[in-house]
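User: I keep meeting words such as "buried" and "oblique" when people describe proteins. Could you show me how such words are earned?

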Amino acid sequence: MTILIAAGLGFILALIMLSFFLKMLQEAGATRPNYQGESIPVGMGLIFVFVYAVVAFLLVHWIAPHDVLLYLTGIVFFTMLGLLDDLLGSGESRGLKGHFGALLRGRLTTGALKAIGGGLVALLFAYITLSGHPWWEMLTAALLIALAANTINLVDLRPGRAIKAFYLWFFILLGFLGFGYSQVPILLIAPLVGSLLACAPADLQARAMLGDTGANLMGAALGMSSVLIMTFPTQLAVVVFLLLLHLFTEKYSLTKIIEKNSFLRYLDNLGRSK
């Protein structure tokens, strides 16, 4: 019941705030061409931080305030790194290979800054959360969070795709409750689950983009909840899978693969108006 209340409140708050946020982004000139070349507001994911900050007042009645504050801090940092990339990123370098290649040539890109900053925040979260655990468990947890954040960025190339990836991962996490795991990690991410549902129509209809702001936040939240609910062997398996996915996407286009498969293409287009 507490999970539904937190998600419901997140949904209602986002629904109320969304039009104000989109108008603010439009008037501030925070727009970017989407995949069809249409200029639309970018950074819609910023709304999640404000929604979460409000719902946090409720969460501290159910969860240790330390855990809520740590989770909120992680969300804020990853959101700011994504927002920086949305507003200042040139788009000249693509992928981790491109960003770190530019860094080796003496040029710092917002993408490299996002990756380095995200890695440090993930490491800090893992260090605090897993205090007393072996260093390799902390490192695995940090990699999971950082890779999760970048994974949602990887798939966020068409309207609604990041949202679908987010919910797929969330439902996998939800399955852990059936095996007697703590509901705290699910409760922590619940406000984002609700608020994302309120923002989904704007994303699917290509009226606004979540941007790296939203994708970074969504991925980091999934990663942090995964660290809190998964055992070390499971975390290690997820990290290996995400590393392989990143290596795969450095060479092959996910969009082209999806377009060539009728089932994946159907899922990708589901709910999309453009």
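Analyst: Happy to help; what follows is a set of questions and answers on this predicted model.

User: Let's start with a helix. What makes H9 largely enclosed by the rest of the structure?

Analyst: Count its buried residues. A residue is buried when its relative accessible area is under 20%. In H9, 18 of the 19 residues pass that test, so the helix is largely enclosed by the rest of the structure.

User: And how do you know what span to expect for H9?

Analyst: Helix H9 covers residues 211-229, and at 1.5 Å a residue the expected span is 27 Å. From its first C-alpha to its last, H9 reaches 27 Å, close to that expected value.

User: Why is H7 called roughly parallel to H9?

Analyst: Helix H7 is residues 161-175, and it packs with H9 at an angle of about 10 degrees, the axes lying 11 Å apart. Angles under 35 degrees count as roughly parallel, so H7 earns that label beside H9. On the H7 side, the contact is made by Ala-162, Ile-163, Phe-166, Trp-169, Phe-170 and Leu-173. H9 brings Met-218, Leu-222, Ser-225, Ser-226 and Ile-229.

User: How many residues of each class are in the contact of H7 with H9?

Analyst: There are nine nonpolar and two polar residues, and no charged ones.

User: Now the other word. Why are H5 and H6 called oblique to each other?

Analyst: Helix H5 (residues 110-129) and helix H6 (residues 135-155) pack at about 140 degrees, with 8 Å between their axes. Roughly antiparallel needs an angle over 145, and roughly perpendicular needs 65 to 115. The angle of this pair fits neither range, and therefore H5 and H6 are oblique to each other. The crossing of H5 past H6 is right-handed.

User: Which residues of H5 and H6 meet?

Analyst: From H5 they are Lys-114, Gly-119, Ala-122, Leu-123, Phe-125, Ala-126 and Tyr-127. Facing them in H6 are Met-138, Ala-141, Ala-142, Ile-145, Ala-146 and Asn-153. By class, this contact has 10 nonpolar, two polar and one charged residues.

User: Ala-142 is in that list. What makes Ala-142 count as buried?

Analyst: Its relative accessibility is 6%, so Ala-142 counts as buried, given that the limit is under 20%. Apart from neighbours within four places in sequence, Ala-142 is in contact with Ala-122, Leu-123 and Ala-126.

User: What about H1 and H2: how do they cross?

Analyst: Helix H1 (residues 2-27) and helix H2 (residues 47-59) cross at roughly 145 degrees, and their axes come within 9 Å. H1 passes H2 in a right-handed crossing. Among the residues making the contact are Leu-9, Leu-13 and Phe-21 of H1, together with Phe-50, Val-54 and Leu-58 of H2. The contact divides into 15 nonpolar residues, one polar and no charged.

User: Asp-85 is an interesting one. Is Asp-85 buried or exposed, and how do you know?

Analyst: Asp-85 sits in helix H3, residues 65-88. At 12% relative accessibility it is under the 20% limit, so Asp-85 counts as buried. Beyond its neighbours within four places in sequence, Asp-85 is in contact with Thr-110, Gly-111, Lys-114 and Asp-212.

User: And what about Leu-83: buried or exposed?

Analyst: Leu-83 is also placed in helix H3. Its relative accessibility is 17%, so Leu-83 counts as buried. Not counting residues up to four places away, Leu-83 touches Leu-46 and Thr-213. The C-alpha atoms of Leu-83 and Gly-211 are 7.8 Å apart, although 128 residues separate the two in sequence.

User: Why is Val-240 called partly exposed?

Analyst: Val-240 belongs to helix H10, residues 232-251. Buried needs under 20% and exposed needs over 50%. Val-240 has 44% relative accessibility, in between, so it counts as partly exposed.

User: Last one: where is Ala-206, and what is unusual to look for in its phi?

Analyst: Ala-206 lies in the loop between helix H8 (184-204) and H9. Its phi is near 55 degrees, a positive value in a residue other than glycine. At 4% relative accessibility, Ala-206 counts as buried.

Conventions: Residues numbered from 1 in each chain as written. Predicted model: local features only at pLDDT ≥ 70, side-chain atom pairs only at ≥ 80, totals over all residues. Heavy atoms only, no water. Helix = DSSP H or I, 4+ residues; strand = E, 2+ residues; numbered from the N terminus. Expected span 1.5 Å × (residues − 1). Buried < 20%, exposed > 50% of the residue type's maximum accessible area, 1.4 Å probe, protein only. Axes fitted to C-alpha atoms, helices over the stretch in contact; angles between N-to-C directions. Left-handed = near helix turned anticlockwise from the far one by under 90°. Contact = heavy atoms within 4.5 Å. Nonpolar A, V, L, I, M, F, W, Y, C, P; charged D, E, K, R; others polar.
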